[in-house]
Every structure is written in C-alpha cells, then in structure tokens.
Amino acid sequence: MPGTETTAAPAGRWSVASAPGRLPLLGHLVPMRRRPLEFLTSLQYEADLVRLEMKGQPLYMACHPELIDQILKEPRTFDRGGPFYEKTQLLMGNSLGNCPYADHRRQRRLVQPSFRRERIASYPEVMREEVEAETARWRPGGTIDANARMHAITARIGARVLLSTDIGTDHVEQIVRCLPVVLKGIYRRMVAPIDLLHQLPGPERRAFEGALEELRVLIDTVIKDYRAAGTDHGDLLSGLLGARYDDGDRLSDQEIHDQVMNFLTAATETTATALAWALQLLGREPEHERRLQEEADAWASRAWPKGHGREDLPHTGRVITEVLRMYPPGWFVTRVVSRDTELGGQPLAAGTVVFYSSYALQRNRSLFPDPERFDPDRWTPERSGEVPRGAMIPFGSGSRKCIGDDYAMAETSVALATIAARWRLRPTSTTDVHPTPRALVGMGPLPMVTEPRA
C-alpha cells in the first residue's frame, strides 16, 4: 500500500549482481546508448536485482516481477524521478504522468473524470471516422509509410478528442511534425554521457528547441482561447478546464498545459507505434491476419454506423495485447528512492535511482515461452492464466497505472479493425524494420503496399 514501509526479504531469497561490461568513468553508458534493448533484456538473466552505473551514479534494475510490483505499489518510497522523467519534464512539465507522489492524488482526481469508461465509450466513432478519412486516400497497389500514416491518424484522433473538431484540425500538422522531433531529443538527452553536449549550438539543438517552443505556444494559445470563450465544447480540454474539487480547487492553466502535452504525447505516440507494429507483424502472419479480418468484417457489418468499441473485437484485442507485450510503451521506467529502504535485500539510500524495463520483462523466456514469437493466442481465456502475475505490465500498475489505458486499447482495436475490414497491407521487398528505443520502442519508415479487400 502507498506509504507503507518496505519489509526486509527473507535471507537468500533474492539474487543481486552487478551488470557486466562496466567501463571506467563511463560505467554502462556505452551499451545503454548502442543497444539498450538487447542489453537490458540480457540483464534479466543475471539476477533478480542488477546494479549498473551511469554518469558516475549507481542505479538498480529490478528484474523479478515481485520486485517490480513492490516498486509500483509503494509510490511514496519509490517516487517519480530519474533521468527519464527529468528529461520528459521539458515537454510534459509536472503532469499526471510525471508529477511526484505529493501531487499525484490531487491531479488524478481532477483528471480522472475525462477518462472514465462511459466517457471513452463516445470516442470510437471519432476514431473510426479519422481512420476512414485517412484510408480513403490510399490507392490499390500504392505504397505508404505505414508508421507515418498511423502517427497522422492518431494525432488527428487525439486532436479531436482533446479539442473541438474545428480547432483541432487547424493544428494537427504542427503536432505531427513537432512531437517526433521533441521525443527524439528527450531520449538523446537522457542517455547523453555529458549533459553539456546538448547545450552546444547545432542543428539538432535548434530543431529540438524550435519544435518544443512551437508546441508550447500552440497549447497556450488554445487554452487561452477556450478560457475566453467560456464554452463547454464537450471535449477533453473542456473537461480539464471545468474540473473542480468540492472545495473549488481546480487545475491552473500551467497544469492544464502540462496535462495536454502529456495526453498528446501518449495519445499520438503510444497508439500509433502499437498500430504500426501490429501492421508489420500481421503482414508476416497470414493466419492471424485472416482471423482478424473475419472478425473485422463481422464487426463492420454489425456496428459500422455506430462504431462500437473493442468489446466486439476479442481477437483484435489479443493482437494488440501481444504487440504491447513485444513492444511496450514504457520500456524504461525510473523511480527515485525517497527514504532509506531496501529492495530484494539490497539496502538503498534515499536518492538512489531504481528502474525496470517492461520490454525486457515481457521477453523473459522464463515468463513467456518462445518470447520472440508473435502469438496473440497467448491471451485467449484458456491460456492467459498461464502468464505469471506481474509479468505483463505495458501500462504500469498500482495507483499510478496509466490513466489512458482503456482509451489506448479502444483506439488501437477500433483503428486496426477499421483498416482490416477494407485493406490488406503487405511489406515491400525493401521493408526492413528494427525496434528503435526512444521515449517508446518505435521504428523508422515502414513501407507497405495497400491492397483493397473485396
């Protein structure tokens, strides 16, 4: 429970080891920069808790699901912080996804109404409309960059959910253009061996600072316009502006700005990346593609006018769940110890950085048989019970579990089914995709051929 003291583990229960490959002065920065996904996944087999060093400071990677669960279930002791959150504050400030324990409960209660299931139930129609608008531009036998097109779709959906349709449409291209630049710059700053490197003048710094400022001005302008109009547009931003505690407490303009940045980042990047990976994997798995198409056909004929949500798409949901297992959004999550404690029998002083990697955890062969294989049937009712508790946490867990997890699952399921009902996407002869760790486990261009279905 939040705020409870950590009890010492029984002697000998946990294994603790130092990560191999440490270099003088640099510590483990080289493998973290060059091949972070492979490096962290390999550490899963070193010990339950692994000690690393970055920038002269020790940090500990929790590898066992029970230790990760302890970190997530004790947010007062293992508070938000560390290199990732310090850098993402450049974009999302002190938002719900970034704020410390002391601010989280208040923010969560003010933001939660905008993400209730009954509110999210109204979003699938918007999702379906935007996917249809995008795919109407596709041509038989044409080639698209599926990754870029999924980002365009989710940015437009996010803008319409966040803002009223007219206002959101005017600014979508800014969001699509600026967000990838900012997120790439944040990740580079997170793993830079020397912080001063990114303070030197150069094209990367100019692009990052320009994109960040453009996003800030855009959001501040929209908030100001909403305040001046005093109209409830029925969108998420209106909900944030109107949120009140019983005592009248409300979110400040800066807090709303930070929440908007947080939502746009998650709503665009998380769902677009999942959709791109789903299309790439399905293009190479004809049996799962066929089953998804049959389900999409039945859903479209039954629910097309109303755009019903993911409860009508069980296999599609399993496909998305398996994608999130293989390419989870929170692949590298850090916390800072707020008071002297222990983890896995290892004493930790206040200020120590601990972290876990859901990417590594969810590819651990002792938790998931044949973890590199794309197998949506892992998540059938008959087999899902075989997954150990705490082994599948793409959206985190505990009181700080991602507030938009239902939104993300609804959007990806509806979008994927809408595409599959009318189109088949095939990899080109030059398609060669590799996971690229930034803020999320993304990819580069994803060229695919668009084939209409009869």
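The following exchange asks why certain terms apply to this predicted model.

In this predicted model, local features need pLDDT of at least 70, side-chain atom pairs count only at pLDDT 80 or more, and totals for chains, interfaces and linings use all residues. Residues are numbered from 1 along each chain as its sequence is written, and side-chain values use heavy atoms, with hydrogens and water left out.

Me: Why is Asn 262 called buried?
Reply: Its relative accessible area is 15%, and buried means under 20% (exposed is over 50%, partly exposed in between; 1.4 Å probe, protein chains only). Asn 262 is therefore buried. The residue sits in helix H12 (residues 253-282).

Me: What is Asn 262 in contact with, leaving aside its neighbours within four places in sequence?
Reply: Met 92, Ser 95, Leu 96 and Gly 97; contact means heavy atoms within 4.5 Å.

Me: What makes H8 oblique to H16?
Reply: The axes of H8 (residues 146-162) and H16 (residues 405-420) cross at roughly 130 degrees and come within 12 Å. Angles under 35 degrees count as roughly parallel, over 145 as roughly antiparallel, 65 to 115 as roughly perpendicular and the rest as oblique. The crossing angle therefore makes H8 oblique to H16.

Me: How do the residues of the contact of H8 with H16 divide?
Reply: Into five nonpolar, two polar and one charged. Ala, Val, Leu, Ile, Met, Phe, Trp, Tyr, Cys and Pro count as nonpolar, Asp, Glu, Lys and Arg as charged, and the others, Gly among them, as polar. Among those in H8 are Met 150 and Gly 158, and H16 brings Tyr 407, Glu 411 and Ile 419.

Me: How many bridges join E10 to strand E13?
Reply: Five, and the strands run antiparallel; two strands pair if DSSP finds at least two bridges between them.

Definitions and conventions. Helices (H or I, at least four residues) and strands (E, at least two) are DSSP runs, numbered from the N terminus. Axes are lines fitted to C-alpha atoms, for helices over the stretch in contact, and angles run from 0 to 180 degrees between N-to-C directions.
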